[in-house]
Amino acid sequence: MNPDVSPKLETINVIDSHVHPIRGLTSGKTLIKEMDASGISKAVLLALDLDPEVFDTDSKLKDETIDDLFAYSYFMDHFKVIETMKRILEVGKTSNTAVAKLVSQYPDRFIGFGSVNPSKDKKYVNTKLEEIINLKLNGIKLIQTLQFFDPQKNKKLNKIFKFARKFDLPILIHLGQDPGPWEIPTLRCVQNSHPKNWVKLVKKHSKNKIIFAHLGGYGKTDDSSWFNAVIEMMKTNDNIFLDTSAVTYQLEIPAIVDKIRNTCDFQKILFGSDSPVVQGTSMLHSRKIIENSPILTYEEKVKIFNMNALELFKIY
Ligand SMILES: [Zn+2]
């Protein structure tokens, strides 16, 4: 592709693979407005199957969380932190039906991903998986930080992967920390979000399409082991994609760009904004970082912006 005869980057329709239609923070209308102002033609909307009551019903989880908070600091008000976590779970909770409704309102602009909480019992997980299919959603979102599961121990993940494979649904997996209390590194739900926990499952389910969010680790810029672990997995599993959500700025770092270039030639990298949950950023801000990058080639930018997503989400 010769940039002299190819469309200018600022006119290219971008697919945003990671957007949260969080009630109270945004609506379908405001998302479409932001997309239009940012040259985003389609956005993947993510459900989040979260349980704000989990600390009231699961005393083991509550005790473990308080232990983890003590391990971080004796002086913080641990019960207040739990209350904050509850509030964030309440705000973040996004049902499969809410996502499906938005998709039905703007079917040309939105792609819907459902969510299932693997910490719940078998019956619940089965019901949610059926719901995802019945609502014609196109993928499954998992998030260890907010759903409190351990990928190495949770038996229901096999079922979820098999189901996703059967219906050809990509699975989008959160990696790294999360805002607020989930920046506390001693929390086991944060430690469970290291990509190393997924090595076995990814290998076992080599036919599944897997998207790891945040280039391997949101908020983990101080620790390259997270990014390096997903890169290592990509070397032996060609079913792994990475999205840039919340960490697009990492594509300004030559060492990161080089590693991606040498591993997948940018054919597995998807543009994502994480809008509207990362304060101080926006769809446009994330887009401009890539558009203006002096170290990415024109071809690489097009792959990130839409080529890879068009193929993965089968948009023709
Ligand atoms: Zn996100």
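Helices here are DSSP runs of H or I with at least four residues, strands are E runs of at least two, and both are numbered from the N terminus. Keep in mind that this is a predicted model, where local features need pLDDT of at least 70, side-chain atom pairs count only at pLDDT 80 or more, and totals for chains, interfaces and linings use all residues. Residues are numbered from 1 along each chain as its sequence is written, and side-chain values use heavy atoms, with hydrogens and water left out.

Let's start with helix 8, where you'll find Lys162. Lys162 is exposed, at 56% relative accessible area (exposed is over 50%, buried is under 20%, partly exposed is in between, with a 1.4 Å probe and protein chains only). Lys162 belongs to a positive surface patch, along with Lys122, Lys159, Lys166 and Lys204. Helix 8, residues 156–166, gives the most to that patch, with 3 residues. A patch takes residues with over 30% relative accessible area and no salt bridge, joining like charges within 9 Å and nonpolar side chains (Val, Leu, Ile, Met, Phe, Trp, Tyr) within 5 Å. Lys and Arg count as positive, Asp and Glu as negative, while His and the chain ends are not counted; the charge is placed at NZ of Lys, CZ of Arg, CG of Asp or CD of Glu.

There's a nonpolar surface patch too, made of Phe70, Tyr74 and Phe75, with about 440 Å² of accessible area together (Shrake-Rupley with a 1.4 Å probe; for residues, only the protein chains shown count as cover). Phe70 sits in helix 3, residues 59–72, and is partly exposed at 35%.

Now for the charge pairs. Side chains of opposite charge can pair when their charged atoms come close. The structure holds 17 salt bridges, each being a side-chain nitrogen of Lys or Arg within 4 Å of a carboxyl oxygen of Asp or Glu. In one of them, Asp36 pairs with Arg109, with the closest N and O atoms 2.9 Å apart. Asp36 is in helix 1 (residues 28–38) and Arg109 is in the loop between helix 5 (96–105) and strand 3 (110–115), so the pair ties together parts 73 residues apart in sequence. Arg109 is buried, at 19% relative accessibility.

Another bridge joins Asp168 and Lys209, at 3.2 Å from N to O. Here Asp168 comes from the loop between helix 8 and strand 5, and Lys209 from the loop between helix 10 (199–204) and strand 6 (210–212), 41 residues apart. Asp168 also has a positive phi of about 55° although it is not a glycine.

Helix 12 is worth a look down its axis. Its buried residues are Ile256, Val257, Ile260 and Cys264. They fall within an arc of 100°, so they line one face of the helix; the arc is that of the directions from the helix axis to the C-beta atoms. The face turned away from the buried side of helix 12 carries the exposed Ala255 and Asn262. Helix 12 also has a salt bridge between Asp258 and Arg261, at 3.4 Å between the closest N and O atoms.

Last stop: the loop between strand 8 (269–270) and helix 13 (283–291), home of Pro276. A cis peptide bond joins Ser275 and Pro276, with omega about 0°. In this loop, Asp274 has a positive phi of about 65° without being a glycine, and Asp274 is buried at 5%.
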